[in-house]
Every structure is written in structure tokens, then in C-alpha cells.
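Subject: A structure for you to look at

Hi there,

Here is the structure I promised to pass on. Please open it alongside this email and follow along as you read.

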Amino acid sequence: MVRSSCSLKMIVPQLAAVLILGYGCIYLYCSSDSSDSQSTLQSGVREYPSIPRPTSGDDKQTEITKEEEQYIRDKPAIEKTIKARMKRVVEVCKRLNYPTFNEYNTYNMAGHKVTWCPVFKASSSTWRDFFIDTLYASRANYAGNHYHLGVLGDKVLTKKKQSSSRRGQSQRRTFSSEPEANLRFTVVRHPFSRIISHQRKVMNYPKQIYAQRGLWVEDAVLDGRTNSSWDLKLTQKYKDEYTSYVLELKYPEPFHQPFSKENPYLNPPYPTVPELVDFIMKHRDKDDNGQNGHWRPTLEWCDICQNELDIIIQLEEEPMELFYLLKHTGLWEHRQSFLEKHNSSSNKSAGRKEIEK
């Protein structure tokens with residue numbers, strides 16, 4: 001049983017197990033090459049002058065930004081890192097013979113000549129909003145929501161071609177509605193950071209406790225804190241109070257009755273990271289809760305080995321790798337919009353300090 005007071009150190013073995021069970025050894029980060037890449041980035045550095053560039057529309061910028069200067073300076077090393085990553089992914093898929101997960105979480109954005117697999121908690125909202133704004137504009141609506149992945153539901157690739165794989169690669173899955181020219185890509189993030197980011201969302205935004213209750217919040221709290229020494233009456237009391245608390249987050253009760261201060265389900269009312277990990281371990285490969293895309297390994301969610309993506313960038317290396325992606329997808333003109341969202345969003349390295357501990 002995991003208590004809410006558990007430290008993150010106590011769950012390192014459990015987190016490792018999650019990754020192993022999720023075929024996390026492919027990892028996609030090519031960490032073995034990171035030191036070489038870093039040293040390359042820091043060598044041969046020279047200052048570039050501010051270079052005027054053409055403007056269009058509402059773009060008032062006349063000089064390249066510091067980030068763009070760095071990208072120009074470091075482009076060879078960035079390209080080398082990403083190409084090495086893609087090569088390693090192919091090698092690992094072949095060597096370990098990963099199974100096909102029959103996942104079709106890929107979206108055909110033919111209007112931009114790209115195919116995208118959204119990895120939750122890895123810039124998926126930024127890309128989702130971009131595609132909605134540029135392809136649907138004010139017409140976007142899904143169950144009353146403007147920005148929702150469901151808006152892009154008609155873009156999901158679901159039907160495979162019966163012919164052999166395109167580009168002469170026998171293992172590459174092909175789709176009948178996907179243009180040959182599309183570039184396939186995704187953005188990945190450290191698995192631990194994705195878990196921590198998901199937990200922090202309910203920690204920092206109470207209404208998310210209500211929204212995520214049925215998926216994992218309530219089960220994770222109850223499983224992690226229920227004490228076998230309680231009698232049925234006390235257990236039911238605590239559960240009823242927790243249910244009332246969650247409902248009042250959505251529908252405030254004018255005649256609220258105070259909850260028991262000692263109720264463990266409400267201290268705190270959201271799962272801790274250890275409790276979330278326990279929940280993932282318990283449900284993995286058993287039911288839909290264990291297949292939740294917010295923590296599903298990218299290897300499975302995007303079916304990396306079968307879909308054979310063309311570019312995989314790492315969230316922690318934005319905006320440099322993001323610039324590389326925008327260049328190769330023909331979306332360079334939108335870089336300022338992506339950069340603004342990157343700079344204004346929550347800490348992209350969420351969990352890094354905890355992981356290092």
C-alpha cells in the first residue's frame with residue numbers, strides 16, 4: 001500500500017518497472033549520444049550578426065531572434081543528433097523485434113503535408129491548437145469545445161493499404177488516405193516527466209479532479225489509502241465524503257456539510273505520484289484505464305516500429321529541435337507562434353529535479 005507521504009525515491013523501482021513493461025527500453029532519447037552532441041554544440045561557436053529577413057502579413061519582426069541565431073549556429077549538430085536518434089530507433093526495432101500494437105493514433109494533416117502522432121504531455125496541446133486554428137478556424141467544435149482533439153477526429157488514419165509498404169520499406173505501415181508526400185513526426189518527452197506532469201495537472205487545477213475522476217483519480221486515491229483495519233461504516237463514510245467533495249468541485253453545494261479532517265482520501269484529494277504509479281502498474285494491460293494515452297509509452301501509442309516516423313524530436317530540446325522540425329515540415333513561417341507558446345507554457349522540464357533526486 002502506498003501512502004501519500006511516500007517520497008519519490010521509494011518509487012524509482014516501480015517507475016522503472018513501468019518503463020520496462022511498456023517496452024521503454026527503446027526510449028527514443030538516444031541518451032548515449034547526448035554528451036557528444038552537447039560538446040559539439042559548444043564547440044566552434046561564433047557570433048552571427050542580426051540578419052534582416054522578409055516579412056509578410058502581420059509579421060512585424062525584421063531581425064532574427066536569439067533563438068534563431070542559436071539554431072543557425074548549431075544546426076549541423078542538431079541535425080546530427082536527430083538523424084542518430086532516428087537511426088537508433090530503426091536499429092532497436094529490428095534487433096528487439098517489437099510486436100505490432102495496431103495503434104492508429106496518427107492524424108493525416110494533408111493541408112500541411114504532415115502526419116502527426118500526438119504524445120500527451122509532450123506538446124500535444126500546442127500542435128493540436130495549431131492544426132485546429134489553421135485547418136478549422138472558427139468552425140472547430142467538439143462537444144461544445146473549440147480546442148479538443150476530437151475536432152481532428154476526421155483526420156485519424158485507420159485504414160491500411162493492402163499493398164507493400166511505401167518507399168521500399170517492407171515494415172512501414174501505410175494508409176490508403178495518407179498522401180505519399182506526408183512527413184510523419186511526433187514529439188517525445190521523458191516518461192517520468194509525463195507522469196509527473198499529469199499528476200501536477202490535478203494537483204494545480206482542482207476541477208481536473210472532477211474531470212479525471214472516473215479515469216484514474218478516484219481509484220488511485222482509494223487504492224492507495226484505504227486501510228484494511230477500518231470497519232465498513234468508516235470506510236463508506238470516507239468514500240461518501242470524497243464523492244461529495246469531487247461533485248462540489250463541479251456543482252458547488254450551498255448547504256455544504258464539513259468533511260472529516262482526518263479523512264485520508266481528502267489529504268490531499270488527488271493522487272500523489274507514487275499512488276499514480278501504483279495505479280498504472282495495477283491496471284496496465286488489464287483494462288482501458290491502463291491504456292490511458294496520458295502515460296502510455298510512445299512506442300505503443302504511436303506504434304513506432306510499424307509506423308516508422310520520419311522525425312522524432314525531444315520536448316526537452318525545444319526550441320532548437322522544434323526549429324529543425326518546422327524547417328523540414330515547411331512550417332517555418334509559424335515558428336514565432338510556436339515559440340510564444342513554448343515560452344509561456346508550464347515548465348517543460350517538469351519532474352527533472354525530482355528525477356535527478
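Below are my notes on what turned up, beginning with the whole chain and then going region by region.

Please keep in mind that this is a predicted model. The protein has 357 residues, of which 47% are buried. Its secondary structure comprises 14 helices and four strands. Among contacts with a separation of 6 or more, 70% are between residues 24 or more positions apart.

**The strands**

Let me start with S1 (residues 107-109) and S2, which run antiparallel and are joined by three bridges. They form a hairpin with four residues between them, and Lys113 in that turn has a positive phi of about 60 degrees. Across this pairing, Tyr107 stands opposite Trp116.

From S2 you can step to S3, since these two strands pair in the parallel sense over four bridges. Here Trp116 comes up again, with Phe185 in S3 as its bridge partner. S3 (residues 183-188) also pairs with S4, in the parallel sense and over four bridges. In that pairing, Val187 stands opposite Ile313.

In a regular strand, side chains alternate between the two faces of the sheet. What does that look like in S2 (residues 114-117)? Val114 and Trp116 point one way, Thr115 and Cys117 point the other way, and all of them are buried. S4 (residues 311-314) is likewise covered on both faces: Ile311 and Ile313 are buried on one side, and Ile312 and Gln314 are buried on the other.

**Phe131 and the ring cluster**

Next, have a look at Phe131, which lies in helix H4 (residues 124-135). Its relative accessible area is 0%, so Phe131 is buried. Leaving aside neighbours within four places in sequence, Phe131 is in contact with Met109, His112, Val114, Trp116, Tyr136, Leu152 and Phe185. Of these partners, His112 is 19 residues away in sequence, with 8.8 Å between the two C-alpha atoms.

Phe131 also belongs to a cluster linked by ring pairs, together with Tyr107, Trp116, Trp127, Phe130, Phe185 and Phe338.

**Other aromatic pairs**

The count of aromatic pairs comes to 20. One of them is Tyr210 with Tyr251: the ring centres are 6.2 Å apart and the planes are at 90 degrees, so this pair is edge-to-face. The pair links distant parts of the chain, as Tyr210 is in helix H6 and Tyr251 is in the loop between H8 and H9, 41 residues apart. Are these two rings' residues buried or exposed? Tyr210 is partly exposed, with a relative accessible area of 28%, while Tyr251 is exposed, at 52%.

Phe323 and Trp332 make another edge-to-face pair, with 5.3 Å from centre to centre and 70 degrees between the planes. Phe323 is buried, with a relative accessible area of 0%. Trp332 has a further neighbour in Lys327, which lies over the face of its ring at 4.6 Å from the ring centre.

**Thr329 in H12**

Thr329 is a nice one to zoom in on, and you will find it in helix H12 (residues 320-329). Its relative accessible area is 9%, and since buried means under 20%, Thr329 counts as buried. Where does its side chain find polar partners? A polar atom of the Thr329 side chain lies 2.8 Å from the backbone oxygen of Leu325 and 3.3 Å from the backbone oxygen of Leu326. Not counting residues up to four places away in sequence, Thr329 touches His112, Val114 and Leu183. His112 and Val114 are also on the contact list of Phe131.

**Helix H7**

Last comes H7 (residues 213-225). How far apart are its end C-alpha atoms? For 13 residues, a straight helix at 1.5 Å a residue would reach 18 Å, but in H7 the ends are only 16 Å apart. The buried residues of this helix are Arg213, Trp216, Val217, Glu218, Ala220, Val221, Leu222, Gly224 and Arg225. They pack against four helices: H5 (191-204), H6 (207-211), H8 (232-250) and H9 (273-283). H6 is also the helix that holds Tyr210 of the edge-to-face pair above.

Happy viewing, and do write back with any questions.

Best wishes

Conventions
Residues are numbered from 1 along each chain as its sequence is written. This is a predicted model: local features need pLDDT of at least 70, side-chain atom pairs count only at pLDDT 80 or more; totals for chains, interfaces and linings use all residues. Side-chain values use heavy atoms; hydrogens and water are left out. Buried means under 20% relative accessible area, exposed over 50%, partly exposed in between (1.4 Å probe, protein chains only). A polar contact is a pair of N or O atoms within 3.5 Å; within protein, one must be able to donate a hydrogen and the other to accept it, and residues adjacent in sequence count only if both atoms are side-chain atoms. Contact means heavy atoms within 4.5 Å. Two strands pair if DSSP finds at least two bridges between them. The expected span of a helix is 1.5 Å times one less than its number of residues. Rings of Phe, Tyr and Trp (its six-membered ring) pair if their centres lie within 6.5 Å; planes under 30 degrees apart count as stacked, over 60 as edge-to-face and the rest as tilted. A charge sits over a ring if NZ of Lys or CZ of Arg is within 6 Å of the ring centre and within 35 degrees of the ring normal.
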